[in-house]
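Q: Please take a close look at one single part of this protein, and then explain how the rest is connected. I am a first-year student, so each term should be given its cut-offs.

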Amino acid sequence: MVDSSKNKAAGAAATPAASTADASWTPTAAAKSQATKFRWIAMVLWIVAIALEAVAIFWLLRQREFVGEDGQFVRNQESGLITQQDATAVFPQWAFVTLIIALVVIAALAITGSFLWKKANRLDPAKQADKFRFFVQNQLGAIIAIIAFLPLIILIFTNKDMDGKQKGIAGAIGIVLALAAAALGADFNPPSVEKYNADQSTVIQLLGADEVVWVAGGSVYHVCENVSDIQTGSDKLTGTTAEAIEAKKTRLTLKFASELKACGLNVPENADAIEAALKQIQGGATDVTLPAPEWANPADAPIAIKDAPATA
């Protein structure tokens, strides 16, 4: 449990280096397992969506009925082939209705897969440092939506057997569903190892250990249990930042200074600077340095952490 006794006990003495040797954020085994399950389900849903798109392209859009088949047979003088003079190919109504249903089902599969994929990324994120993988992993839902809709929409508008009304209705529905699936599949503030690492580092430097508190409701975790935000009647749970992420909490609260005061813990003099930097990092900034806490009295520091040697 996060309380003042921990801070006071660690205040005068430096914590051994071994206690921070495993400080880099990593997901819990349970979170990683759940993320893998979500990703497999999402992939299956996306595969089914693309398979349905293929059925629509290679079978459904090729359906046609002939009107006026009782017309007179005539011989084309250039090709020598016989055609029925008054017969006209049209796109059948049953195929049109089936196409609309297929578009809706493709969208539902793509969007559901994207939601599961984003849940997986919250539990087991990529590193921002690996820019290509970070982009693909976090925007894969939008990419799949484009793959699942764009070829089909193009072929709807270029279909020679569909009339203008059919093309207009099916094409408009396809475009709206494609945009919705792409927007819902994109992640505009994706999680990352770096963001979680910044939260974890802040917690360790403020408390001396990677231990936070949360309740079932809400999306953030806290450094103190005596705050109004978690006086909800729900059980208060404590654990590491990784365990908080496993419990569907997305980040450390930015109200940590007032929470430290509520629990009688020491507050660094540069709490505002830490909060501002953390807010930027949580928002996706990659060029922000997280300040080290500055204590009024060196003995107030709950943990002693040396700067790593500068890299060449």
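A: A polar contact is a pair of N or O atoms within 3.5 Å; within protein, one atom must be able to donate a hydrogen and the other to accept it, and residues adjacent in sequence count only if both atoms are side-chain atoms. Helices (H or I, at least four residues) and strands (E, at least two) are DSSP runs, numbered from the N terminus. The model is predicted, so to speak of local features requires pLDDT of at least 70 and side-chain atom pairs count only at pLDDT 80 or more, while totals for chains, interfaces and linings use all residues. Residues are numbered from 1 along each chain as its sequence is written, and side-chain values use heavy atoms, with hydrogens and water left out.

The part chosen for the close look is helix H5, residues 164–185. Asp-163 caps the N-terminal end of H5, with a side-chain oxygen 3.2 Å from the backbone nitrogen of Lys-165. H5 contains 22 residues and reaches 31 Å from its first C-alpha to its last, close to the expected 32 Å; the expected span is 1.5 Å times one less than the number of residues.

How the helix is turned can be read from its buried residues. Buried means under 20% relative accessible area, exposed over 50%, and partly exposed in between (1.4 Å probe, protein chains only). In H5, the buried residues are Gln-166, Lys-167, Ala-170, Gly-171, Gly-174, Leu-177, Ala-178, Ala-181, Ala-182 and Gly-185. They cover an arc of only 140° around the axis, which puts them on the same side of H5; the arc is that of the directions from the helix axis to the C-beta atoms. The exposed residues Gly-164, Lys-165, Val-176 and Leu-179 are carried on the face of H5 turned away from its buried side. The buried residues of H5 pack against H3 and H4, where contact means heavy atoms within 4.5 Å.

The loop between H4 and H5 holds a charged residue, Asp-161. A salt bridge is a side-chain nitrogen of Lys or Arg within 4 Å of a carboxyl oxygen of Asp or Glu. Arg-64 forms such a bridge with Asp-161, their closest N and O atoms being 2.7 Å apart. This pair links distant parts of the chain, 97 residues apart, since Arg-64 lies in the loop between H2 and strand E1 (65–67). Asp-161 is buried, with a relative accessible area of 13%, whereas Arg-64, at 41% relative accessibility, counts as partly exposed.

By this rule the count comes to five salt bridges. Another of them joins Asp-124 to Lys-32, with the closest N and O atoms 3.1 Å apart. Asp-124 lies in the loop between helix H3 (93–123) and helix H4 (131–158), and Lys-32 in helix H2 (residues 29–58), 92 residues apart. Asp-124 also forms a salt bridge with Arg-39, at 3.4 Å between the closest N and O atoms. Because Arg-39 lies in helix H2 and Asp-124 in the loop between H3 and H4, the pair ties together parts that are 85 residues apart in sequence. Lys-32, Arg-39 and Asp-124 are thus linked in a network of salt bridges. Within this network, Asp-124 counts as buried at 12% relative accessibility, as does Arg-39 at 14%, while Lys-32 counts as partly exposed at 42%.

Helices H2 and H3 are also joined through aromatic rings. Rings of Phe, Tyr and Trp (its six-membered ring) pair if their centres lie within 6.5 Å; planes under 30 degrees apart count as stacked, over 60 as edge-to-face and the rest as tilted. A search of the whole structure finds three aromatic pairs. In one of them, the rings of Trp-46 and Trp-117 have their centres 5.3 Å apart and their planes at 45°, so the pair is tilted. Trp-46 lies in helix H2 and Trp-117 in helix H3, so parts 71 residues apart in sequence are tied together. Both Trp-46 and Trp-117 are buried.

The loop between H3 and H4 also contains Gln-128, which counts as buried at 11% relative accessibility. Not counting residues up to four places away in sequence, Gln-128 touches Phe-134, Ser-192, Glu-194, Lys-195, Gly-284 and Thr-286.

For the protein as a whole, the secondary structure comes to nine helices and eight strands. Of its 312 residues, 43% count as buried. Of the contacts with a separation of 6 or more, 74% are between residues 24 or more positions apart.
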